[in-house]
Amino acid sequence: MADEKELRYDPATIEPKWQQKWAADPTLYAAEPKECGKPKYYVLEMLPYPSGQLHMGHVRNYSIGDALARHMWMRGYNVLHPMGWDAFGLPAENAALKNNTPPREWTLANIAAMKRQMQRLGLGYDWATEVTTCLPEYYRWNQWFFLRMYEKGLVYRKQSKVNWCPECATVLANEQVVNGCCWRHEDTIVEQRDLEQWFYKITAYAQELLDGLDTMEGWPEKVRTMQRNWIGRSEGTEVDFGLEGSGAKIRVFTTRVDTIFGATSVQLAPEHPLIKEFCVSDAELKAKVDLLIEEQKKAKESGDLGAIEKHGVATGRFAVNPYNGEKVPVWVANYILMDYGTGAIMSVPGHDERDFEFATKYGLEIRRVIAPAEAGAEEPALPYTSEDGVLVNSGAYDGLRCTEAEKKLQEVAASGGFGEAKVTFRLKDWGVSRQRYWGTPIPMIHCAKDGLVPVPDDQLPVILPAQVEITQQGGSPLSRVADFVNTTCPKCGGPARRETDTMDTFVDSSWYFYRYTDAGNSSAPFEPATAQYWFPIDQYIGGVEHAILHLIYSRFWTKVMRDLGLIKNDEPARRLFTQGMVIKDGAKMSKSKGNVVSPDDMVVRYGADSTRMYALFAAPPDRDLDWQEDGVAGVSRFLGRVWRLATKHAEAARAGRSRKYEAPSGTALKLLRKLHQTIARITQDFEGRWHFNTCVAAIMELVNEMQAADAELSSGAVEAAVIHELLRSLVLLLAPFAPFLAAELWEELGEEGAVLRAPWPACDAELAREDEQEIPVQINGKLVTVVRVAAGADAKTIEAAALADEKVLARAAGKTVAKVIVVPGRAVNLVVK
RNA sequence: GCGAAAGUGGCGGAAUUGGCAGACGCACCAGACUUAGGAUCUGGCGGGGUAACCCAUGAGGGUUCGAGUCCCUCCUUUCGCACCA
């Protein structure tokens with residue numbers, strides 16, 4: 001009875017046993033020093049926010065990364081596979097309010113819990129390089145970078161309109177506003193507020209961030225496109241229209257300066273400084289403008305600026321077109337944005353959809369100034385927006401093609417001093433001030449005498465105080481901590497106040513992966529030589545939801561660090577992989593939908609190996625994965641079959657360990673052939689295709705075939721040396737996907753050392769080769785039969801075999817074979833009439 | 001509206017280059033065994049037909065000896081962008 005019990009695969013005893021062994025060996029998953037001579041491989045999964053619980057998305061992400069890391073270890077690489085915690089942020093403050101637990105305590109407890117989950121899952125991380133962003137050992141370098149960037153003019157402070165989430169009671173970066181709502185509170189409308197804020201000058205790198213995308217072939221095209229759109233480069237021209245009866249100029253931005261002779265009005269943003277000026281002496285206008293401002297604000301807050309109903313007001317002033325001296329009315333309109341271009345446009349109704357709509361509504365003149373390039377073509381209806389045309393009604397420029405005219409007009413503007421070619425970006429500078437407690441203190445001091453004074457390096461880190469009352473009211477919680485706020489000015493020594501805003505948590509995650517390379521460094525963020533050895537990251541893996549926020553900030557930070565001389569790489573990661581979501585019953589797992597599956601439950605019921613392997617088996621990693629618990633049970637059953645097969649024949653395998661088989665035949669050859677074909681398939685997939693679902697399927701096929709030959713394996717018909725190779729290689733193939741079972745069976749087979757240190761099995765092409773193959777035979781494109789020929793048979797042989805086949809003869813009887821198409825190794829098609 | 005990806009059995013999915021559609025797994029059906037287990041083993045499992053065969057990869061066209069795969073039109077779903085001058 002006891003014996004029978006032992007024949008059951010029991011992950012609940014196997015897995016904790018190995019978990020303990022691995023925990024006791026810190027070198028197992030540790031990277032080696034750069035002098036080790038092996039090629040390096042840096043595989044990174046996005047670090048989690050320590051919410052306290054891993055979810056299935058994490059399990060999937062880490063199962064992919066861990067399989068890759070283990071494979072690369074077995075391929076002989078020096079692998080860096082680290083993990084850390086994106087530990088600052090609002091949930092800790094919310095939890096503090098709810099449970100009266102200090103954010104630090106809450107966060108560290110969550111980290112401990114999630115680390116336990118990761119270890120239980122058998123994820124192979126080097127915990128010696130663990131990074132926790134909320135600890136001063138880490139965030140002091142956020143402060144250090146802030147100061148270096150301040151010195152380089154890449155940090156500045158300005159009063160600006162900011163996105164304010166009433167729920168978070170703090171500011172959001174543009175990137176954190178989704179459809180007019182907060183990225184963390186999908187139903188909370190973001191307000192616009194005026195505040196003094198710190199900014200990182202990401203726009204200084206706009207062009208480089210854009211150009212880099214073209215060379216980043218290891219990144220998904222989808223992510224690159226999203227970043228291109230976000231950066232939003234647009235080439236055009238700035239032109240000064242004179243304001244009639246004053247020396248003032250109205251500078252407009254246009255991408256179609258070639259249409260400027262068709263400009264029949266100039267439109268200003270409601271918040272344009274000139275409009276403010278007009279309003280000072282014109283209460284009636286001011287009232288109308290205020291209404292436009294209100295409409296625009298509402299539209300911005302609802303996130304659907306595109307749906308705004310266009311409204312405009314004529315100011316009664318006129319602007320002068322510098323090219324022809326023409327007077328056109330100056331309007332103010334609710335769809336013109338102050339923060340794009342110059343906040344002013346020229347309106348060309350004849351050749352722009354929007355302007356056409358506006359002009360039609362308000363009865364402004366619509367003029368044709370572009371005609372189709374082909375002579376004699378019919379005049380197209382207005383608005384005619386094609387750039388493939390020639391200028392008409394445009395004075396001296398008539399007859400020029402649009403692109404020529406654009407250049408010419410830019411030259412004229414430049415030499416006349418009333419304009420120039422100009423590139424505009426949608427990308428805005430990154431506002432990093434947050435009126436929150438749980439974040440990196442901004443290392444600046446406000447002195448009444450000396451103004452803004454940076455905290456000197458030797459006073460870093462500026463420690464985030466522990467005892468802080470957290471409330472949901474606006475204003476920085478730190479401003480209520482007198483001990484923190486009151487300080488002395490580093491310059492004059494007089495009394496001064498500390499900056500009380502903290503940094504956006506996306507600062508933390510913009511460079512954490514550099515810190516992994518030298519996590520213990522207390523005199524620098526990392527040693528440049530070490531970072532240069534490991535960077536760029538060879539494979540970064542995470543969710544596509546970070547396509548813009550995290551991944552654009554990280555690229556920016558890398559370029560800044562390069563310009564500070566710390567690193568040599570231009571981009572952080574050579575390859576990026578975005579895995580699909582985990583869904584259940586057709587919807588993303590979420591508490592509100594009640595379809596959340598807990599990883600802990602899965603591990604308890606089926607074990608970590610089955611849970612991880614299912615996450616890889618159920619779908620290709622880049623696609624969404626539908627979680628079906630019956631599928632996990634299926635994988636678990638499969639691992640049970642592997643376990644029984646291996647333990648049953650372990651003795652034979654051990655006996656065959658030191659022997660070598662010769663010229664296998666029959667079942668032995670068949671199994672070895674299947675084995676080596678499987679090795680080839682899986683090895684190839686790890687090189688880049690990453691269809692781990694089919695890798696697992698291939699292992700299942702192999703096991704099915706071995707199981708079908710159970711009688712021969714047991715009877716001695718297959719010699720021990722062959723059984724040894726079969727089982728040993730099977731365990732190696734399984735190691736990246738089911739590390740616990742692999743370790744257990746490795747031991748069972750009498751192998752020494754860790755599976756991870758054993759070389760990945762090599763495919764023996766000779767053994768893998770089939771000596772016969774089946775060739776489908778078609779008649780007129782329809783499959784009729786299959787003929788067996790020797791592998792590599794030439795076209796003649798295949799044709800002869802096909803023509804000799806009974807079914808073919810029967811079908812072709814009385815007809816003429818008009819043509820025979822033979823694709824050796826693939827198919828035969830007979831065209832029969 | 002613009003752009004991208006996807007659409008294959010009851011379900012998840014396979015078919016890397018145009019060449020046997022449905023690998024592998026789930027669910028289901030039948031049987032064996034029984035220690036009655038969250039077992040295990042054997043067989044079946046797209047549709048129609050007794051069969052030979054015929055039909056089938058969102059719909060419709062096309063290219064080709066041959067199309068799930070390439071081209072065109074359309075439909076559906078998901079994602080991204082959307083007065084950016």
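Two strands pair if DSSP finds at least two bridges between them, and helices (H or I, at least four residues) and strands (E, at least two) are DSSP runs numbered from the N terminus. The model is predicted, so local features need pLDDT of at least 70 and side-chain atom pairs count only at pLDDT 80 or more, while totals for chains, interfaces and linings use all residues. Residues are numbered from 1 along each chain as its sequence is written, chains are lettered from A and ligands numbered from 1 in the order in which they are written, and side-chain values use heavy atoms, with hydrogens and water left out.

**Exercise 1.** Find the strands that pair with strand 24, and name the residues that stand opposite Arg497.

*Solution.* Begin with strand 23 (residues 486-488), which runs antiparallel to strand 24 and is joined to it by 3 bridges; here Asn486 stands opposite Arg497. These two strands form a hairpin with 6 residues between them, and in the turn Gly493 has a positive phi of about 75 degrees. Turn next to strand 21 (residues 444-447), which pairs with strand 24 (residues 495-498) in the antiparallel sense, again over 3 bridges. In this pairing His446 is the residue opposite Arg497.

**Exercise 2.** Work out the strand order of the sheet that contains strand 28, and say which strands stand at its edges.

*Solution.* The sheet is open and has 3 strands in the order 29-28-30, with mixed pairing. Strand 29 (587-588) and strand 30 (625-626) are at the edges, each with a single partner strand, so one side of each has no neighbour in the sheet. Looking closer at one pairing, strand 28 (residues 582-584) meets strand 29 in the antiparallel sense over 2 bridges, and Ala587 of strand 29 is the bridge partner of Lys584.

**Exercise 3.** Describe how helix 22 packs against helix 24, and classify the residues of their contact.

*Solution.* Two packed helices are described by the angle between their axes and the distance between the axes. The axes of helix 22 (residues 692-708) and helix 24 (residues 720-734) come within 11 Å and cross at roughly 155 degrees. This makes helix 22 roughly antiparallel to helix 24, a term used for angles over 145 degrees. The contact (heavy atoms within 4.5 Å) is made by Ile699, Leu702, Val703 and Met706 of helix 22, together with Leu726, Leu727, Leu730, Leu733 and Leu734 of helix 24. Its residues divide into 9 nonpolar, no polar and no charged, where Ala, Val, Leu, Ile, Met, Phe, Trp, Tyr, Cys and Pro count as nonpolar.

Definitions and conventions
Axes fitted to C-alpha atoms, helices over the stretch in contact; angles between N-to-C directions. Parallel < 35°, antiparallel > 145°, perpendicular 65-115°, else oblique.
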